[in-house]
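Work through the exercises below with the sequence and the 3D structure open. Try each task before reading its solution.

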Amino acid sequence: MDRPRPLLATDDPALLDDLLRLAAAASIEVHVASSAGAALRDWARAPLVVVGGDLLAALADLEPPPHPHALAAVGPRPSGAPPPEPDALRLGVRALLHLPGDEARLTDLLADAGRERPGPCPVVAAVGGRGGAGASVLAVALAMAGVRAGLRTALVDADPLGPGLDLVCGQDRPGGTRWEDLLAREGRMSWPALSGVLPRVRGCPLVTWSRGPAEEVPAPALRSVLGAAALGGDLVVVDAPRAPGPGAAEALRRCTAVLVVVPADFCSVMAAYRLVPRMRTHSSVLHLVTRAAGADLPGTAVASALGLDLLGDVPDDPRLRRGLDRGDLPGADGASALGRAADRLLGALRAPVAG
């Protein structure tokens, strides 16, 4: 049986054109019914029903069972036409949307209804236990591990004091929408629409800044972007800032896992020892990822000192620095030390928790 699709019920050609355009913007397929009787066939099964103003009265007369996600969509009302509110009330719609003013809202609702997954996907942040710990590199490598695993992955650069993930990815000023274009955004966003205008790395949408000075992402904008990405894909990886602020706090609160990257040396551990208590005030899902742990300072000792669960270790690879200087994409090679470590970390994050 085909997967249920949102239902558009209208016999108005102009309105149908508008609704199909919004469905295309939401990247979903729909069923179309041109009469009230035809709409009843898919009424109960459709995850979302959008009833045009031209069929509101006819459908209300048929008294279909209540639908929790039925909407009414109407265009400009001709002079002398009856108001749609009474029929919308009889039909019991969730909302009466007026086009074109409510187009963005309807696009978001269509996109949500077209999701195969019932809820948000994992959102994983990498945060350096000290400056220069390698969190940005690990974030890119985790995103590449997600791509290798066949996951619809998004990469979000939330650290305004970092080098910029496009630079880490070896891209020279790729085009596309940047944070500067999104800082004023609030509320719901359509991920299919946003991801279509973002720069991409191996097919992975990237949210980052243009080159030059960058300001902290306001919490509402970060909430909108992360919320949309989490609803629109299978994995979101965030390069989160160490510096305190509303944006950093919002990033940590939105994550299902926060990886604290700590090189296995005394000074790095002490820097992380200062940082972790502040991070705990915003997240209860902190995990430790050590770098180059060994016999002198094993990962278990670092985990014990910081009071964190050890998720894994990223070994040193002398070729990594040379590759970054050449513009190589870190972690893109699954056979490299970093690529293998990222695959292991992603596997550990996706592994079911034993009951």
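The exercises go from helices to loops, salt bridges and a surface patch.

The model is predicted: local features need pLDDT of at least 70, side-chain atom pairs count only at pLDDT 80 or more, and totals for chains, interfaces and linings use all residues. Residues are numbered from 1 along each chain as its sequence is written, and side-chain values use heavy atoms, with hydrogens and water left out.

**Exercise 1. Find the buried residues of helix 2 (residues 36–43) and say what they pack against.**

Step 1. Fix the terms. Helices (H or I, at least four residues) and strands (E, at least two) are DSSP runs, numbered from the N terminus. Buried means under 20% relative accessible area, exposed over 50%, and partly exposed in between (1.4 Å probe, protein chains only).

Step 2. List the residues. Ala36, Ala39, Asp42 and Trp43 are buried.

Step 3. Look down the axis. These residues cover an arc of only 120°, which puts them on the same side of helix 2. The arc is that of the directions from the helix axis to the C-beta atoms.

Step 4. Name the partners. The buried residues of helix 2 pack against strand 1 (7–9), strand 2 (31–33), strand 3 (49–52) and strand 4 (70–74), and also against helix 3 (56–62) and helix 4 (85–91). Contact means heavy atoms within 4.5 Å.

Step 5. Take one charged residue. Asp42 has 13% relative accessibility and so counts as buried. Leaving out residues up to four places away in sequence, Asp42 touches Leu7 and His31.

**Exercise 2. Check the length of helix 14 (residues 337–350), then describe its cover.**

Step 1. Work out the expected span. The rule is 1.5 Å times one less than the number of residues. For the 14 residues of helix 14 this should give 20 Å.

Step 2. Compare. The end C-alpha atoms of helix 14 are 20 Å apart, which agrees.

Step 3. List the buried residues. They are Ala337, Leu338, Gly339, Ala341, Ala342, Leu345 and Leu346.

Step 4. Add the cover. It includes helix 6 (135–148), helix 13 (318–326), strand 10 (235–239), strand 12 (286–291) and strand 13 (309–314).

**Exercise 3. Inspect the backbone in three loops.**

Step 1. Is the peptide bond from Leu99 to Pro100 cis or trans? The bond is cis, with omega near 10°. Pro100 sits in the loop between strand 5 (95–98) and helix 5 (103–113).

Step 2. Turn to Ser27, in the loop between helix 1 (13–25) and strand 2. Ser27 is not a glycine, although its phi is positive, about 60°. Its relative accessibility is 55%, so Ser27 counts as exposed.

Step 3. Go on to the loop between helix 3 and strand 4, where Glu63 is found. Phi of Glu63 is near 50°, again positive in a residue other than glycine. Glu63 is exposed, with a relative accessible area of 67%.

**Exercise 4. Sort three of the 16 salt bridges by where their partners lie.**

Step 1. Define the bond. A salt bridge is a side-chain nitrogen of Lys or Arg within 4 Å of a carboxyl oxygen of Asp or Glu.

Step 2. Start in helix 1. Asp18 and Arg21 form a salt bridge, with the closest N and O atoms 3.4 Å apart. The two are three residues apart in helix 1, separated by about one helical turn. An α-helix has 3.6 residues a turn, so residues three or four places apart point the same way.

Step 3. Cross between helices. Asp61 and Arg90 meet in a salt bridge at 3.0 Å, N to O. Asp61 lies in helix 3 and Arg90 in helix 4, so the pair ties together parts that are 29 residues apart in sequence. Asp61 is exposed at 52%, and Arg90 is partly exposed at 46%.

Step 4. Move to helix 10 (residues 246–254), which holds both Glu250 and Arg253. Their closest N and O atoms are 3.1 Å apart. Glu250 is buried, at 3% relative accessible area, whereas Arg253 is partly exposed at 48%.

Step 5. Widen the view. Arg223, Glu250, Arg253 and Arg254 are linked in a network of salt bridges.

**Exercise 5. Which residues make the nonpolar surface patch of about 370 Å²?**

Step 1. Name them. Phe266, Met270 and Tyr273 make the patch.

Step 2. Apply the criteria. Patches are made of residues with over 30% relative accessible area and no salt bridge; like charges are joined within 9 Å, and nonpolar side chains (Val, Leu, Ile, Met, Phe, Trp, Tyr) within 5 Å. Accessible areas come from the Shrake-Rupley method with a 1.4 Å probe; for residues, only the protein chains shown count as cover.

Step 3. Check one member. Tyr273 lies in helix 11 (residues 266–280). Tyr273 is partly exposed, with a relative accessible area of 48%.
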